[in-house]
Structure formats: structure tokens, C-alpha cells
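Hi there,

Here is the structure I promised to pass on to you. Have a look at it first, and my notes follow below.

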Amino acid sequence: MLTLDPHPLLEAVVFTARLPAPLGELPSPGWLTALLRPDAPAPLQADDAVRGEVRDLLRHGGYKPTGRGKPASEYLVRAAGEGALSSINAAVDACNAVSLHSGLPVSVVDLARARAPYRLGLAPAGARYVFNASGQDIDLGGLLCLFDAEGPCANAVKDAQRTKTDAATRETLSVLWGTHTLPGRAEAAFAWYRQLLERLGADVTRLG
């Protein structure tokens with residue numbers, strides 16, 4: 001179901017989560033939305049060293065992780081600091097909480113909207129996809145991405161609109177974009193992520 005192209009830095013953790021109900025019927029509880037605050041108690045804390053290593057991970061294929069193309073985890077830190085990180089749905093809130101506090105980008109896709117097989121690897125030059133409902137797209141050349149049968153559908157910067165979660169989502173696939181230069185961080189982030197999802201009633205299955 002999942003293959004990983006060779007990469008000297010990538011330490012990805014990939015897993016599926018089967019939710020107890022569609023996301024539209026599974027509101028985020030208060031304990032989860034509270035974790036979207038930058039000062040919330042968490043087992044991991046992001047810092048400048050983590051930010052630098054994540055950027056180096058994305059630079060390896062030639063991508064430039066700056067400006068609007070910076071890692072999603074950096075956007076979350078800024079948004080949370082400004083009080084602008086709001087609840088989206090239970091699956092995305094859990095993802096954002098882990099990414100915010102660990103400093104690692106995390107992707108979440110709806111398995112009903114994606115098609116196996118799946119692969120992690122670098123996007124070729126010229127690859128693009130739409131990442132929001134208004135039709136904006138991102139240049140993916142040289143960026144680590146999750147691919148499904150139709151092409152790239154998620155990465156550490158912006159996930160594709162075509163596979164994003166919605167109210168009908170029952171099963172997700174998540175990618176923790178970790179790096180070997182931060183030993184143990186990806187595993188610690190996954191352990192916490194799993195706890196949050198299981199507290200929501202989800203069944204979690206690790207793939208890689």
C-alpha cells in the first residue's frame with residue numbers, strides 16, 4: 001500500500017485512522033481545541049533548531065521552503081501566536097496540535113478521496129496541484145510529497161484540495177514529515193498523535 005523512495009534525511013511516520021463517526025458528526029472536544037494554543041501543555045515543544053532541520057529536509061530535493069512555501073508547521077506557530085489558529089474538524093485539529101507543538105509538518109488526507117497505491121518521494125519539475133477551494137496552486141518541483149494513483153496529493157507545505165477531509169470523512173491517512181537529524185522526534189510526535197486520535201475513538205494503524 002505504501003512505498004518510500006530513497007531519501008537520506010526523511011524519517012516519515014505514516015498511518016491510517018478509522019474514525020468512530022463521520023467528521024461532521026464528531027465535533028472537536030474542548031480538550032482538543034485547547035491544544036491549539038501555543039502555551040498549552042504538550043509533550044513536545046517546537047524551537048528554532050527544529051525549524052532549521054525541517055527546512056533542510058525540504059531543501060534536499062531543491063525546493064525552497066521560504067515565504068509562502070514555508071513548512072506548514074511554521075504557519076501554525078505563527079497563527080497560534082496571533083490567536084488565529086481555529087478549529088477545523090477533529091482530524092485536522094489533532095494534526096494541527098501535534099504539528100504546532102512538535103514543529104514537524106503533518107499531512108492528513110481522506111482515504112475515500114485518494115486512491116492506492118501510495119508513495120513518498122520527490123515531485124518532478126513542473127508538478128503542481130490546487131491546494132484550496134479558491135483554486136490556488138503550488139509549484140511542487142523538488143518537494144517531498146505523498147503520491148496516490150493520480151499523482152501528488154499532500155506534502156509538508158500545503159495538502160491538495162482534492163484529498164482534503166470534509167464532513168463525510170471516516171478514514172484518514174496521515175504523514176508525519178520527520179527527519180533523521182532530529183532523533184526520536186517523529187516517534188514521540190506519533191505516540192502523542194496516536195493518543196489524541198484514540199481518545200477521539202479512532203482505530204490507528206501504522207503503515208511506515
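Let me start with one strand pair: β3 and strand β9 (residues 171-179) run antiparallel and are joined by 5 bridges. Within this pair, Val106 sits opposite Leu176 of β9. Please keep in mind that this is a predicted model.

The pair belongs to an open sheet of 4 strands, ordered β3-β9-β2-β10 and paired antiparallel. Its edges are β3 (106-110) and β10 (203-206); each has a single partner strand, so one side of each is left without a neighbour in the sheet. From one strand to the next, the twist averages 25°.

Which helix lies across these strands? Helix α5 lies across β2 (10-18), β3, β9 and β10, and runs at about 10° to β2. The helix covers residues 185-199, 15 residues in total, and spans 21 Å from its first C-alpha to its last, close to the 21 Å expected at 1.5 Å a residue. Its buried residues are Arg185, Ala186, Ala189, Phe190, Trp192, Tyr193, Leu196 and Leu197. As a reminder, an α-helix has 3.6 residues a turn, so residues three or four places apart point the same way. Just after α5 comes Gly201, with a positive phi of about 95°.

There is also an open sheet of 4 strands with mixed pairing, in the order β1-β4-β7-β8. Here β1 (2-4) and β8 (151-155) are the edge strands, each pairing on one side only, and the twist averages 30° from one strand to the next. Strand β7 (residues 144-148) pairs with β8 in the antiparallel sense over 4 bridges, and Leu146 stands opposite Ala154 in β8.

Happy exploring, and best wishes!

Key
Residues numbered from 1 in each chain as written. Predicted model: local features only at pLDDT ≥ 70, side-chain atom pairs only at ≥ 80, totals over all residues. Heavy atoms only, no water. Pairing = 2+ DSSP bridges. Helix = DSSP H or I, 4+ residues; strand = E, 2+ residues; numbered from the N terminus. Axes fitted to C-alpha atoms, helices over the stretch in contact; angles between N-to-C directions. Expected span 1.5 Å × (residues − 1). Buried < 20%, exposed > 50% of the residue type's maximum accessible area, 1.4 Å probe, protein only. Contact = heavy atoms within 4.5 Å.
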